[in-house]
Amino acid sequence: MSVFLLLVVIAVLSVAGYVLCRQRALKSVDGNIRRLHSLPGYYGWFGFILASVPALLALALWLIIQPIVIERQLSGFFPAEMVEDPSARTLLFADVRRVAAGLDAAVAQGAMTEDEAEQVRTDAGSVRDRLAAVGVALGAEVTPEVLAAAQEYREMARVGVIGRAILTLILSVAGLVFAIRATGPDFRARNRVEQVVLALLILSSTIAILTTVGIVLSMLTESLRFFTMYPAADFFFNLTWSPNFRGNSELGLIPLLWGTLYISLISMLVSVPIGLFAAIYLAEYASNRVRSVVKPLIEVIAGIPTVVFGLFALVTVGPFLRDYFAQPFGFGNSGSSVMTAGIVIGILNIPFISSLADDIINAVPQSMRDGSLGLGATKSETIKKVVLPAALPGIMGAVLMAASRAIGETMIVTMGAGAAARLDLNPFEAMTTITVKIVSQLTGDTEFNSPETLVAFALGMSLFVITLGLNILALWIVRKYREQYE
Amino acid sequence: MNDMTHKGLGLATQTAKISASGVQVHYGTNHALKDVDVTILDRTVTAFIGPSGCGKSTFLRCLNRMNDTVASCRVSGQILLEGEDIYDRRVDPVQLRAKVGMVFQKPNPFPKSIYDNVAYGPKIHGMTRNKAELDAIVEASLRKAALWGEVKDRLDATGTGLSGGQQQRLCIARAIATSPEVLLMDEPCSALDPIATAQVEELIDELRHQFSVVIVTHSMQQAARVSQKTAFFHLGNLVEFGETGDIFTNPKDPRTEAYITGRIG
């Protein structure tokens, strides 16, 4: 029974659960709904949930656990040294699965009988050729171990399919029967259904947290592997970044970190004042008509893909800055520069800051403004001394979001600031950032076993720590200066 | 208009602070206030009473041009503050509001410290030359608002952390810190419990010796307790204006009588 078919059966049982439980509830009180504890629909949903949720959970668990169990069983087919190394082991079992799938395909197309597929040995003609004939291409000749393992794999998978069908169907039917038996006028179906909904809400929030934890852990393990190959002190304190895929690389974080912070700083200098002033104008001064036109227009910027901004940086801003600022004032003649990328990222971030800050300023109660105006303060004094301090925590959040985006921006930097890692104060010089180098270290035909590739994870980890630190700093600032209304 | 000032008994010594004549207010197409004539005397508490939506708050907000902040609002007629038309082009509403302070229905202390709340007005108007003078104003205002004893040890605590009654007295202290000539109060006790209300009413009576106070209230008992003059508004009209005692014991207009005896409103 395929997974799809199982899902269909469970769905049918669940709908049956809804209908049956609802009918039984109505019948138990002779159609007088007021004698029921809950509305009839709740009894129906209770039946639906009991018929579906346990069965689906069991199915999901089975699908996760079965490959692990099979792999462990099959390890016995191979000599210990072949399955010791994790990456070789992964490749080996990929082979086993491919051969097993090939045998399945061969049987399905009639090129082999079922018996043949189970009995065939490597000496009885080339298995590779026979599988190639049915459209399954294998990279190398099939070894006896792999073939035997693949045959065992098919056997176990067949048992697994039957087992999971039986288990889930039993659970589904059992849940259905239990729900029908529980249904009665005194049964608190409404409360039970709400408990399930609560569980769903908790599960959703947990998934978000677990994903983050998972990302951090995977980066952490790879970073640790990097530090076993490359000294941590060099990574953190070396002032040169020159990776060399033949070895002898110098992988210093400092130039990349400097580029990242420099570009982010310039972008924040552009986006924070402009965004904030635009927000103040929109929230406090603009008439409704102006606001309804200007706000969507500003937000259009947010919808432009960053690669388009990159083009803008490459063909417009970069040459403009070079021809009118850098060359006349003797700052060099580089088309791509920190200034270019910083300004363009700043423009990218204006709508983020202005839109968020606008909402936050609007959320400050009118009574605060009235109080200030009633004391003879001007509108501008009111905004400076009452509205903005009250909106500070939210504005801080908006600024921080923009900072994180600036630090994480890749495309605009690649096209606007270039890819040369450099430690320089001149903002009209090409530099590069951590994110750009992560991409360039991982693109192309690479294996994750040299310091030159694994450094990407260490870079990613550093980036994560920086943004985390920024968040903590912002939280601290907000707590210190917060002026909370109501 | 001025003859009205002298009509009252024993009030001949008191001068008119604000005199309004023929005031009309429109909110868009809604005619909210129709042809109102009122004279506010110096050092007197004047109460505006009337059912909800009768225009009494609207009129109050005309007196310091807070209605300017409402886009759809149009005011016509004449309102004189010490003989000067406050809707004249030359008058800066910001400076007017420093002279005519306002306390709102819901306590609205700024989310700042108690000290900063009171010091807000004096600071923006540059009323002090140094910290000591500012301290003195803050203390004097809090004392006048009968709040000094309760907060003198925690002036750095946030104003929003006070109780409702304390918050409203803080707002009053904030309003009188700029030494206004008139204090407008828009239902200042409607969000307060009876004890806090009694404190604020006592305070209003104290303030009468220095300012002229205009209070909008829903409570007729409150109007009778704190005011010397009462104006009754109904459906945007000023129905009756006179001595508080006369309004409550001997109303001339049948609508006033109906309202104070509880038949309309």
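Okay, one term before we start: when I say two residues touch, I mean contact, heavy atoms within 4.5 Å. And keep in mind that this is a predicted model.

With that, take Leu207(B). Leaving out residues up to four places away in sequence, Leu207(B) touches Ile172(B), Ile176(B), Leu183(B) and Val213(B). Leu207(B) belongs to the largest nonpolar core, which has 69 residues, and is listed among those with the most contacts inside it, along with Ile361(A), Leu142(B) and others. Which element gives this core its largest share? That's helix α14 of chain A, residues 379-408, with 10 residues. There's another core apart from that one, with 33 residues, including Val25(B), Leu60(B), Leu81(B) and Phe233(B). As background, nonpolar side chains in soluble globular proteins tend to be buried together.

Now, not everything nonpolar is tucked away here. On the surface we've got a nonpolar patch that includes Val293(A), Leu297(A), Ile304(A) and Met411(A), and its residues add up to about 560 Å² of accessible area. Two elements of chain A, α10 (288-303) and α11 (306-326), give two or more residues each, and α10(A) has the largest share, with three.

Staying on α10, let's do charges. The whole structure has 25 salt bridges over all chains. One of them joins Arg291(A) and Asp358(A), at 3.0 Å, N to O. Arg291(A) sits in α10 and Asp358(A) in α12 (residues 338-362), so the pair ties together parts of chain A that are 67 residues apart in sequence. Arg291(A) is partly exposed at 22% relative accessibility, while Asp358(A) is buried at 0%. Those two are also in a salt-bridge network with Lys295(A) and Asp359(A).

Over in chain B, Glu181(B) and Lys17(B) pair up at 3.4 Å, N to O. This one links a loop between α7 and β7 to strand β1, with the partners 164 residues apart. Glu181(B) is partly exposed at 25%, and Lys17(B) is buried at 8%.

Last bit: cysteines. How many disulfides are there over all chains? Zero. Why is Cys62(B) not bonded to Cys73(B)? Because the Cys73(B) sulfur, the closest cysteine sulfur to that of Cys62(B), is 6.0 Å away, too far for a bond; the cut-off is 2.5 Å. Cys62(B) is buried, by the way, at 0% relative accessible area. Cys189(B) is in no disulfide either, with the nearest cysteine sulfur, in Cys171(B), 12 Å away. Cys189(B) counts as buried too, at 8%.

That's my tour, thanks.

Terms used: Residues numbered from 1 in each chain as written. Chains lettered and ligands numbered in written order. Predicted model: local features only at pLDDT ≥ 70, side-chain atom pairs only at ≥ 80, totals over all residues. Heavy atoms only, no water. Core = buried A, V, L, I, M, F, W, Y, C linked by side-chain atoms within 4.5 Å. Buried < 20%, exposed > 50% of the residue type's maximum accessible area, 1.4 Å probe, protein only. Helix = DSSP H or I, 4+ residues; strand = E, 2+ residues; numbered from the N terminus. Patch = residues over 30% accessible without salt bridge, like charges linked within 9 Å, V, L, I, M, F, W, Y side chains within 5 Å. Areas by Shrake-Rupley, 256 points an atom, 1.4 Å probe, with all protein chains shown as cover. Salt bridge = Lys/Arg side-chain N within 4 Å of Asp/Glu carboxyl O.
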